[in-house]
Amino acid sequence: MALKVMSAVFGLALVAMAMSAPITLLANSEVDKNIDNSPRPYDFGYEFGDGQGMNQHRRESSDGAGNVKGSYSYTDPYGVYRNVEYQADANGYRAVVKSNEPGLSNQNAADVTFLVEPPPPAVVLQQNPPVEAVANAL
């Protein structure tokens, strides 16, 4: 019991000391004056899949002058995909989206161009049960 009381008193003493210590702001320190915040070139990417048909990738690079290029994509087990290639620079952000997602159209928005293909047949059948598909074909 005495040990618990001593531990509590010691802990409270440490808290009191920490709270009474002056706080030094790093914003005014010499360390901040030596940090170089200029853009740096970089290049990174990854790719992975689940072994059952789902795949994803991402790749991006910058030249260190504020110009960025990259791409990312996703493909699901049914073959539905979206692939985006983009660049950002002094002229803004621009992208090209290639996809076969159901419901997507070739309507471009802002600085994004859509190149749309029909979805895979299995996905169309999921959205339209066979009875409806036959009735619509007549």
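These are my notebook entries on one predicted protein model.

**Ground rules.** I number residues from 1 along each chain as its sequence is written. Since I am working on a predicted model, I take local features only at pLDDT of at least 70 and side-chain atom pairs only at pLDDT 80 or more, while totals for chains, interfaces and linings use all residues, and side-chain values rest on heavy atoms, with hydrogens and water left out.

**Overall layout.** I began with the secondary structure and found four helices and six strands in the protein chain. I take both as DSSP runs numbered from the N terminus: helices are H or I with at least four residues, strands are E with at least two. Along the sequence the order reads α-α-β-β-β-β-β-β-α-α.

I then looked up burial: 15% of the 138 residues count as buried. Buried means under 20% relative accessible area, exposed over 50%, and partly exposed in between, with a 1.4 Å probe and protein chains only. The accessible surface, by the Shrake-Rupley method with a 1.4 Å probe, comes to about 10600 Å², and carbon and sulfur atoms hold 60% of that.

For contacts (heavy atoms within 4.5 Å), I took those with a separation of 6 or more; residues 24 or more positions apart account for 11% of them.

**Strand pairing.** I count two strands as paired if DSSP finds at least two bridges between them. Strand β2 (residues 55–62) runs antiparallel to β3 (residues 68–75), with eight bridges joining them. Here R58 has Y72 in β3 as its bridge partner. The two strands make a hairpin with five residues in between, and G64 in the turn has a positive phi of about 90 degrees.

β3 and β4 are also antiparallel and joined by eight bridges, with G70 opposite Y86 in β4. This hairpin has five residues between its strands too, and its turn holds G79, whose positive phi is about 95 degrees.

**Across to the helix.** From G79 I looked over to P121: the two are 42 residues apart in sequence, yet 9.4 Å apart in space, C-alpha to C-alpha. P121 sits in helix α3 (residues 121–127) and is exposed at 62% relative accessible area.

**The core.** Which residues make up the largest nonpolar core? I list V68, V84, Y86, A95, V97, V112 and F114, seven in total. Strands β4 (81–89), β5 (92–99) and β6 (112–116) each give at least two of these residues. By nonpolar core I mean buried Ala, Val, Leu, Ile, Met, Phe, Trp, Tyr and Cys residues joined through side-chain atoms within 4.5 Å.

I followed V84 further: leaving aside neighbours within four places in sequence, V84 touches G70, S71, Y72, Y93, A95, V96 and V97.

**Aromatic pairs.** My search of the whole structure gave four. Y46 and F48 are stacked, because their ring centres lie 6.0 Å apart and their planes meet at 25 degrees. Rings of Phe, Tyr and Trp (its six-membered ring) pair with centres within 6.5 Å; planes under 30 degrees apart are stacked, over 60 edge-to-face, the rest tilted. Y46 is partly exposed at 42%, and so is F48 at 39%.

Y86 and Y93 are stacked as well, at 5.9 Å centre to centre and 25 degrees between planes. Y86 is buried at 11% relative accessible area, whereas Y93 is partly exposed at 43%. Together with Y72 they form one aromatic cluster.

**One odd backbone angle.** I noted A110 in the loop between β5 and β6. Its phi is near 50 degrees, positive in a residue other than glycine, and A110 is exposed at 82% relative accessible area.
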